[in-house]
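User: Please walk me through this model one feature at a time. Start with strand pairing.

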Amino acid sequence: MNKYFSKLTLALAVALVASFGVALPAMAASSQEVTQTPPNVAITKVLDIPEGTTVPDSTFRFTFTQMSEIATNTFAETPTPTASINPITVSFGLDNSPNGLVSTDTPPLPIAQATNILALDRIDFPTAGIFHFLIVEDVAGSTQFTAPEFMTYSDAAYIMVVRVSNVNFGTAENPDWRRVPQQLEVAPAVLGTDGSYTWNPDTKTDDYQPGTPGQDGVLRYPSSIRFVNAFIRDIIPPVGDPAALSISKSIVGSDSDFTEVFSFDTTLVIPAAARARLAGESAPGVPNTTFEVSAVVTGTPEPDSTAPAAGTEVVFVVDTATGIATRSFTLGNGQALEFRSLPAGTTFETTERQLENWDGSVSIALGAATPVTVTEDAGEDVATGVRIVSDDRADSAPYAFLGNSADFTNNYNLPPWTGLVISSMPFLAVLLGAALLLALMVASRSRKRIEHLPVAH
């Protein structure tokens, strides 16, 4: 009897342990930590903007649409939504000055955040449970731009799954039950042809919290719920304002020939975000392989100079794939090559091919930046180095465009005189006569000395 009782006891013990093995995970799953404060979920907005471009004063709106999982990893809009999250906005001030945050990219890009998107005053859940939401950028509700400013809005989409719990904000005697988000999963989603969205479970992330601003203004580790918009601004100043870019020529010095003509080589690189638009299309969706950027010579040439006439057009042929264009041209004293329109962020490099006995310098002024001067010795080429065209405007009324310029100045260095001076001729004649007489005397004495030498037999 005892033998059978011992076996029964052992069997019951094994069954009990096994039941705990099944029950414990289930209990753990149902007893996750519950808090009164929802997780601080953030949306990151990045402006992909060429260096040298002023950040636009802009606001971007994001919406949350309740979704249902209609198949494994596939979601569609819920026909009769029961839960809601209010839309939220994120903004940039003019030139990003109120926000001041930038990304860790090189060069850094302007970045802003919308935080606490699950704050209790922004949400409405009918009950505890699991809810799915689609997060997208609402283009119609965001700031709109027209030429000469161009914004490409993000088509990114994210599925966010939120676990909501009932939380008592009161007491056991006077309960105040509220539904509070506790946990979530987020992953990028892809729009299908039928309007549904799919996600890859391997891309789920819990990296949804706001980033931490550093002392240098760099936002580190921002939320992976990220929307990137490309922005470009064409600089088209009104007539009378400085050109988008001006390359000018001045000759100075009392010994200089003011009719001299100098040769230049300029390379432009147009920002990627502007190329397809400027190129146009050879077929639907296919940009032309090249496009043109033109500049005009201003300033009347000196009389008898071979410098180009005012109004001469200089055309740069740009490769659409690389954005690069190189062109040679000439300028005379008082002339300039002016680009009346260029995308902000265009880079340029200009080299003046120097003439013998001329020295040169170039003063480079770009928007609000401190001007830089490069000086070379006589006969040495003068180069600006790679510079960025800026759309900076004055920070006070009338907020005029400040312009971009490379001003080349040259001076002729008169070579040292190596000929004979007429006024010194008599003195030189006396010196030459004395030298000849001395040479004859030395030769005569040497001859006598040789004659008196004994002859050896």
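Analyst: Strands (E) are DSSP runs of at least two residues, numbered from the N terminus. Two strands pair if DSSP finds at least two bridges between them. Now the case: in E23, Gln335 is the bridge partner of Lys249. This is a predicted model: local features need pLDDT of at least 70, side-chain atom pairs count only at pLDDT 80 or more, and totals for chains, interfaces and linings use all residues. Residues are numbered from 1 along each chain as its sequence is written, and side-chain values use heavy atoms, with hydrogens and water left out.

User: How many bridges join strand E16 to E23, and in which sense do they run?

Analyst: Strands of a sheet pair through backbone hydrogen bonds, either parallel or antiparallel. Here the count is five bridges between E16 (residues 245-252) and E23, and the two run antiparallel. The Lys249 and Gln335 pair sits in this ladder.

User: What does strand E20 do with strand E23?

Analyst: E20 (residues 290-298) pairs with E23 (residues 335-339) over three bridges, in the antiparallel sense. Take one position: Thr298 has Ala336 of E23 opposite it.

User: What is the strand order in the open sheet of seven strands?

Analyst: Read it across: E21-E20-E23-E16-E30-E26-E27, with mixed pairing. At the edges are E21 (313-319) and E27 (372-376), each paired on one side only. In that order, E23 sits between E20 and E16.

User: Is E23 mostly covered or mostly open?

Analyst: Classify by relative accessible area with a 1.4 Å probe and protein chains only: buried is under 20%, exposed is over 50%, partly exposed is in between. E23 is mostly covered, with four of its five residues buried.

User: Which strands pair with E1?

Analyst: Two to look at. With E6 (residues 111-114), E1 pairs in the antiparallel sense over four bridges. With E15, E1 pairs in the parallel sense over five bridges. Follow single positions to check the register. Val46 faces Ile111 in E6. Asp48 has Ala230 as its bridge partner in E15. E1 itself (residues 43-48) is mostly covered, with five of its six residues buried.

User: Now pockets. What volume does the largest pocket have?

Analyst: A pocket is an open set of points on a 1 Å grid over the protein atoms alone, where a 1.4 Å probe fits, with protein on both sides within 12 Å along at least five of seven lines; lining residues have an atom within 4 Å of a point. Points join across faces, edges and corners, and the volume is the space filled by probe spheres set on them. For the largest pocket, that space is about 480 Å³. Its lining holds 20 residues, and those closest to the centre are Thr54, Asp391, Asp392, Arg393 and Ala394.

User: What is the lining of the largest pocket made of?

Analyst: Sort by residue type: Ala, Val, Leu, Ile, Met, Phe, Trp, Tyr, Cys and Pro are nonpolar, Asp, Glu, Lys and Arg are charged, and the others, Gly among them, are polar. The lining divides into eleven nonpolar, eight charged and one polar. Strand E15 (residues 226-235) gives the largest share, three residues.

User: What does the side chain of Arg233 contact?

Analyst: A polar contact is a pair of N or O atoms within 3.5 Å, one able to donate a hydrogen and the other to accept it; residues adjacent in sequence count only if both atoms are side-chain atoms. The Arg233 side chain makes such a contact with the side chain of Asp391, at 2.5 Å. Arg233 lies in E15. Arg233 counts as buried because its relative accessibility is 12%. Its partner Asp391 is among the residues closest to the centre of the largest pocket.

User: How does the second largest pocket read?

Analyst: Its volume is about 220 Å³. The lining has 13 residues, with Ile49, Glu51, Thr53, Pro108 and Pro110 nearest the centre. By type, they divide into eight nonpolar, three polar and two charged.

User: Last topic: the backbone. Which peptide bond into Pro107 is cis?

Analyst: Check omega. The bond from Thr106 to Pro107 is cis, with omega near -5°. Pro107 lies in the loop between E5 (88-92) and E6. The bond from Ala147 to Pro148 is cis too, with omega near 15°. Ala147 is in the loop between E8 (129-138) and E9 (149-152), and counts as exposed because its relative accessibility is 58%. Ala147 and Ile232 are 85 residues apart in sequence, but 9.8 Å apart in space, C-alpha to C-alpha.

User: Where does Asn73 sit, and what is its phi?

Analyst: Asn73 is in the loop between E2 (58-71) and E3 (74-77). Its phi is near 65°, a positive value in a residue other than glycine. Asn73 is partly exposed, with a relative accessible area of 22%. Tyr221 also has positive phi, near 55°. Its place is the loop between E14 (219-220) and E15. Tyr221 is exposed, at 68% relative accessible area.
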